[in-house]
Amino acid sequence: MRTGWAAAVVCAAGLAGAQEPAYMDAATHPAQGQAYVRALGYAAEYDAAGPEARRQALELKLAYGVRSSTALLLESEWARREGGGETDSGFVRAGLLLKQRVMRKDLGPLDTWRASVLAGVDLPGEEGVRESTHVSPRLGVATTAILGRHGLNGQADWTGRIGEDDRFRLNGSYLYRLAPATYAVDTRGAWYAVAEWLNEATTGGDWRSDAAMGLLYEARAWAAEIGLRLPLAQDGLPELRQEVVIGLRWLP
C-alpha cells in the first residue's frame with residue numbers, strides 16, 4: 001500500500017509540474033539538464049476597421065534547465081497578417097530570457113506555491129509584422145499555486161520599447177483538474193479546464209482586457225491544449241473579435 005501511494009505521488013508530481021495556461025507565464029521550471037519544447041498556433045480575427053482583419057501565428061518556446069531553479073528560455077514567433085487589402089508575413093520577434101525561481105513552498109505531497117522572475121530581451125522581426133523596430137528589454141514575475149485539484153497563476157511584466165510606448169501585462173488564470181479526481185499508480189494523464197483573464201496596457205494610454213477559456217490534457221511526456229480568446233473591453237489597441245489557440249508540448 002505504501003509503495004502504491006508513493007508511486008502515485010511521483011506520477012502526480014510529474015503531471016502537475018508542467019501546468020501552464022496557453023497565454024501567460026507560470027512559475028514552472030524544467031529540471032537541471034532537461035528541456036521542454038512548446039508549440040502554439042493562433043488564428044485571430046479583428047475588427048475590419050482596425051489595422052488588421054486576420055492574423056495567424058506560430059510560436060515556438062524552448063526551456064532548458066541550467067539548474068533546478070534557473071532556466072534559459074528561447075522564443076520565436078512567425079505571423080501572417082491580412083488587413084486593408086494587404087498581406088504581410090514573417091518573423092515577428094525572437095526572445096531570450098533567463099528565468100529564476102525565487103520562492104518555493106511545498107504545502108503537502110502534491111500542493112505547492114512557487115514564484116519566479118524573468119529578465120531578457122526581444123529581438124525585432126521582419127518589417128511588416130514585427131512588434132518593435134528595436135531590441136526590447138523585458139522584466140516580469142510569475143507565481144503558481146497548485147492546491148489539490150485547483151491551479152492558480154499570476155503574471156506581471158514590462159516590455160520597454162525605444163522610441164515607442166512601453167507595454168505592461170497583468171494576467172491571471174485558474175485551472176481545475178476535471179479528471180482524475182485523485183491520482184493512482186496507473187494514472188496516465190489528467191484533464192484540466194482553464195480560464196484566463198488577460199490585460200495589456202501601454203504608456204500611451206491604450207489598453208485591452210480579454211478572457212480565454214480552454215481545455216488542457218497533460219500526459220507524462222507530452223501535453224495538448226485548445227482554447228478560445230474573447231474580448232472584454234479595449235481602447236486604442238486592435239479590437240479582437242475572437243482567437244483560437246492550439247498547443248502541443250513535449251515535457252522532460
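Strands here are DSSP runs of type E with at least two residues, numbered from the N terminus. By that rule, Arg 80 sits in strand β3, which covers residues 70-83. Keep in mind as you look around that this is a predicted model.

Let's step back to the whole chain before returning to that arginine. The protein chain has one helix and 12 strands. Reading along the sequence, you meet the helix and then the strands, in the pattern α-β-β-β-β-β-β-β-β-β-β-β-β. The C-alpha trace spans about 65 × 30 × 30 Å along its principal axes. As for the radius of gyration, a compact globule of 252 residues would come out near 18 Å, and this chain has 19 Å, which agrees. Buried residues account for 44% of the 252. If you take contacts between residues at least 6 apart in sequence, 54% of them join residues at least 24 apart. On the outside, the accessible surface is about 12,300 Å², and carbon and sulfur atoms hold 62% of that.

Now back to Arg 80 in β3. With 31% relative accessibility, Arg 80 counts as partly exposed. Its side chain makes a polar contact with the side chain of Glu 82, at 2.4 Å. Leaving out neighbours within four places in sequence, Arg 80 is in contact with Arg 54, Arg 55, Gln 56, Thr 87, Asp 88 and Ser 89. Val 129 is 49 residues away from Arg 80 in sequence, yet their C-alpha atoms are 7.5 Å apart in space.

Move on to strand β4, residues 86-106, and you'll find Arg 93. Arg 93 is buried, at 11% relative accessible area. Who keeps this arginine company? Once residues up to four places away in sequence are set aside, Arg 93 touches Glu 59, Glu 75, Ser 76, Glu 77, Asp 122, Leu 123, Pro 124, Gly 125, Glu 131 and Arg 138. With one of these, Asp 122, the side chain of Arg 93 makes a polar contact at 3.3 Å.

Charge pairing is worth a tour of its own. Side chains of opposite charge can pair when their charged atoms come close. The structure holds 18 salt bridges. Take Asp 106, which forms one with Arg 104, the closest N and O atoms being 3.1 Å apart, and another with Arg 114, where the closest N and O atoms are 3.8 Å apart. Arg 104 is partly exposed at 46% relative accessibility, and Asp 106 is partly exposed at 45%.

Another pair is Arg 161 with Glu 131, whose closest N and O atoms are 3.5 Å apart. Arg 161 lies in the loop between β7 (150-159) and β8, and Glu 131 in the loop between β5 and β6, so this salt bridge ties together parts that are 30 residues apart in sequence. Arg 161 is buried, at 17% relative accessible area, while Glu 131 is partly exposed, at 28% relative accessibility. Elsewhere, salt bridges with shared partners join Arg 55, Glu 59, Glu 75, Glu 77, Arg 93, Asp 122 and Arg 138 into one network.

Stay with the loop between β5 (112-124) and β6 (136-147), where Ser 132 is found. Is Ser 132 buried or exposed? It is buried, with a relative accessible area of 7%. Its side chain makes a polar contact with the side chain of Glu 164 at 3.2 Å, and a polar atom of that serine side chain lies 3.3 Å from the backbone nitrogen of His 134. Beyond neighbours within four places in sequence, Ser 132 is in contact with Pro 124, Arg 161 and Glu 164.

Last stop: strand β8, residues 167-179, home of Arg 177. Arg 177 is buried but has no salt bridge. The cut-off for a salt bridge is 4 Å between a side-chain nitrogen and a carboxyl oxygen, and the nearest side chain of opposite charge, Asp 111, is 7.3 Å away from Arg 177. What Arg 177 does have is the backbone oxygen of Gly 148, which lies 3.3 Å from a polar atom of its side chain. Apart from neighbours within four places in sequence, Arg 177 is in contact with Gly 148, Arg 149, Thr 182, Tyr 183, Ala 190, Trp 191 and Tyr 192.

Follow the chain on from there to the peptide bond joining Ala 179 and Pro 180. That bond is cis, with omega about 0°. Most peptide bonds are trans. Pro 180 itself is found in the loop between β8 and β9 (189-202).

Key
Residues are numbered from 1 along each chain as its sequence is written. This is a predicted model: local features need pLDDT of at least 70, side-chain atom pairs count only at pLDDT 80 or more; totals for chains, interfaces and linings use all residues. Side-chain values use heavy atoms; hydrogens and water are left out. Helices (H or I, at least four residues) and strands (E, at least two) are DSSP runs, numbered from the N terminus. Buried means under 20% relative accessible area, exposed over 50%, partly exposed in between (1.4 Å probe, protein chains only). Lys and Arg count as positive and Asp and Glu as negative; His and the chain ends are not counted. A polar contact is a pair of N or O atoms within 3.5 Å; within protein, one must be able to donate a hydrogen and the other to accept it, and residues adjacent in sequence count only if both atoms are side-chain atoms. Contact means heavy atoms within 4.5 Å. The radius of gyration is taken over C-alpha atoms; the globule rule is 2.2 Å times the number of residues to the power 0.38. Accessible areas come from the Shrake-Rupley method with a 1.4 Å probe; for residues, only the protein chains shown count as cover.
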